[in-house]
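Got the viewer open and a selection box ready? Let's take a walk through this one, stop by stop.

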Amino acid sequence: KEIFRDRTCIILFLLPVLIFPVLNLGISYISSGAAANSSDIKIAFINENDNTILNDYIYRDCPYNMEIHKGNSPFNSLENNDIDLIIKSSADNKIAFIYNSSNCSSLLTATKIGEDFEKYAITTEKSSYPEIINCSLENEKGKTADISSTVSTIISPILFILLLSQGSILFANDLFAGEKERKTIEILFLSGASRTKIYFGKIAALFTIEMLNGV
């Protein structure tokens, strides 16, 4: 009863239902956009064991027009943001998508291309390519991460802040309905403050709580 007494605030409970799918689509769009700017994608390609699937993907079937870096020091180029990622194929068909940990765009691009290549490797005819592919994400220091969990890692702080913000719903419900029920709203009006100031003053207080929760 306390929560639902102000029917206009019920929409606050519907926000998570709307926010999380939109957030998921938004992150996916951003990730796709980072890789969709194909003219901006510069990679270094290190194919130590001449992986056939990776060769076909890079040179024939990749949906992105990637520019392959020809320098001799790919890791220095990655650190200097001269390239977006390094794709490295090593022994036992291990393929690493190496990104610059200080560059979020590099991570998103590596994640998107890594996911796309994984799908490509899975859907490719097994009879033509019998190799078993093991893909991973790595930063420039060699720390590995699972591609499928990277997007969750990126959005988890955002989700955490959203969950914290839900705690302010109880404050929001009482901002105006509570004043009216306690008969204190008339006193506010008699104070000389305009309705606009009262409204935005309350919203500013709630916003402050939200920001503190976020921090």
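Select Lys202 to begin: with 15% relative accessibility it counts as buried, because the cut-off is under 20%. Keep in mind as you click around that this is a predicted model. Lys202 sits in helix H9, which covers residues 195-214.

Now show what surrounds that side chain. Ignoring neighbours within four places in sequence, Lys202 is in contact with Leu175, Phe176, Glu179 and Leu188. Pick out Glu179 from that group: it forms a salt bridge with Lys202, and the closest N and O atoms are 2.9 Å apart. This pair links distant parts of the chain, from Lys202 in H9 to Glu179 in helix H7 (residues 177-181), 23 residues apart. Both Lys202 and Glu179 are buried.

Stay on H9 and select Tyr199, another residue of that helix. Its relative accessibility is 39%, so Tyr199 counts as partly exposed. Add Phe176, Phe200 and Ile203 to the selection, turn on a surface, and you have a nonpolar patch of about 360 Å² made by these residues together with Tyr199.

Next stop: more charges. The structure holds four salt bridges, and Asp56, Arg60 and Asp61 are linked in a network of them. Asp56 and Arg60 lie four residues apart in helix H2 (residues 52-61), about one turn of the helix. Draw two distances here: the closest N and O atoms are 3.9 Å apart for Asp56 and Arg60, and 3.0 Å apart for Arg60 and Asp61. Which of these residues are buried, and which exposed? Asp56 counts as buried at 17% relative accessibility, Arg60 counts as exposed at 54%, and Asp61 is partly exposed at 31%.

Over to the strands. Select E1 (residues 42-47) and E3 (residues 85-90): they run parallel, joined by five bridges. Ile43 is a handy marker, standing opposite Leu85 in E3. Then add E4 (residues 94-99), which pairs with E3 in the antiparallel sense over six bridges. Here Lys88 stands opposite Ala96 in E4. Zoom in on the hairpin of E3 and E4, where three residues lie between the strands, and check the backbone of Asp92: its phi is positive, near 60 degrees.

Last stop: helix H4, residues 104-123. At 1.5 Å a residue, its 20 residues should span 28 Å, and the end C-alpha atoms are 29 Å apart, which agrees. To see its buried side, colour the buried residues, among them Leu107, Leu108, Ile113, Phe117 and Tyr120. Lys112 of H4 is buried as well.

Terms used:
Residues are numbered from 1 along each chain as its sequence is written. This is a predicted model: local features need pLDDT of at least 70, side-chain atom pairs count only at pLDDT 80 or more; totals for chains, interfaces and linings use all residues. Side-chain values use heavy atoms; hydrogens and water are left out. Helices (H or I, at least four residues) and strands (E, at least two) are DSSP runs, numbered from the N terminus. The expected span of a helix is 1.5 Å times one less than its number of residues. Buried means under 20% relative accessible area, exposed over 50%, partly exposed in between (1.4 Å probe, protein chains only). Contact means heavy atoms within 4.5 Å. Patches are made of residues with over 30% relative accessible area and no salt bridge: like charges are joined within 9 Å, nonpolar side chains (Val, Leu, Ile, Met, Phe, Trp, Tyr) within 5 Å. Accessible areas come from the Shrake-Rupley method with a 1.4 Å probe; for residues, only the protein chains shown count as cover. A salt bridge is a side-chain nitrogen of Lys or Arg within 4 Å of a carboxyl oxygen of Asp or Glu. Two strands pair if DSSP finds at least two bridges between them.
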